[in-house]
Amino acid sequence: MVDYIVKCQICNKKIANNKCKKCGRNVCEDHYDPSTGVCSVCKQGQFYKKE
Ligand SMILES: [Zn+2]
Ligand SMILES: [Zn+2]
């Protein structure tokens, strides 16, 4: 049962319901930005380099 649950690869605590479309991390809702479809790590990276 345990390996059925994918945990967030950022906080490693909550269940990952989302997948970052940029890095492919499985992330929880806290670390996922639905508007951009990326995790909070990638979102921060995007914030720096303006495209
Ligand atoms: Zn998380
Ligand atoms: Zn990401």
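The following paragraphs describe the fold, the nonpolar core and several individual residues of a predicted model.

The chain of this predicted model contains one helix and four strands, and from the N terminus on these elements follow the order β-β-β-β-α. The mean pLDDT over the chain is 87, and 82% of the residues reach a score of at least 70. Among the elements, confidence has its highest mean in strand β1, at 97, and its lowest in helix α1, which spans residues 40-48 and averages 79. Of the 51 residues in the chain, 22% are buried. When contacts with a separation of 6 or more are considered, 5% of them join residues that lie 24 or more positions apart.

The largest nonpolar core comprises nine residues, namely Cys8, Ala16, Cys20, Val27, Cys28, Tyr32, Val38, Cys39 and Cys42. In soluble globular proteins, nonpolar side chains tend to be found buried together. Two members of this core, Cys8 and Cys28, can be followed in some detail. Cys8 is placed in the segment before β1, whereas Cys28 belongs to the loop between β2 (26-27) and β3 (32-33). Cys8 counts as buried because 21 other C-beta atoms lie within 10 Å, against a threshold of 20 or more. Cys28 is likewise assigned to the buried class, with 21 other C-beta atoms within 10 Å. Although 20 residues separate Cys28 from Cys8 along the chain, their C-alpha atoms are 5.1 Å apart.

The contacts of these two cysteines, residues up to four places away in sequence being set aside, reach both earlier and later parts of the chain. Cys8 touches Lys13, Lys14 and Ala16, and also Asn26, Val27, Cys28 and His31. In addition, the C-alpha atom of Cys8 is separated by 7.9 Å from that of Arg25, a residue 17 positions away along the chain. Cys28, for its part, is in contact with Cys8, Cys11, Lys14, Ile15, Ala16 and Asn17. Lys14 and Ala16 thus appear among the contacts of Cys8 and also among those of Cys28. Another core member, Cys42, touches Cys20, Lys22 and Cys23, again with residues up to four places away in sequence not counted.

The segment before β1 (18-19) also holds Ile10, which is partly exposed, having 19 other C-beta atoms within 10 Å. Because the buried class begins at 20 such atoms, Ile10 with its 19 is not counted as buried. Beyond its neighbours within four places in sequence, Ile10 is in contact with Arg25, Val27 and His31, as well as with Cys39, Ser40 and Val41. For the last of these, Val41, the distance to Ile10 is 8.3 Å from C-alpha to C-alpha, across a sequence separation of 31 residues.

Asn12, which is found in the segment before β1 as well, is exposed, with 9 C-beta neighbours inside 10 Å. The backbone of Asn12 has a positive phi of about 60°, although this residue is not a glycine.

Asp30 occupies the loop between β2 and β3, the loop in which Cys28 is also found. In contrast to the buried Cys28, Asp30 is exposed, with 12 C-beta neighbours inside 10 Å. This count places Asp30 in the exposed class because that class takes in residues with 12 or fewer such neighbours. Apart from residues up to four places away in sequence, Asp30 touches Cys11 and Lys14, both of which are also contacts of Cys28. Asp30 and Cys11 are 19 residues apart in sequence, and their C-alpha atoms are 9.0 Å apart in space.

Note on methods
Residues numbered from 1 in each chain as written. Chains lettered and ligands numbered in written order. Predicted model: local features only at pLDDT ≥ 70, side-chain atom pairs only at ≥ 80, totals over all residues. Helix = DSSP H or I, 4+ residues; strand = E, 2+ residues; numbered from the N terminus. Contact = placed C-beta atoms within 7 Å. pLDDT = per-residue confidence, 0-100. Core = buried A, V, L, I, M, F, W, Y, C linked by C-beta atoms within 7 Å.
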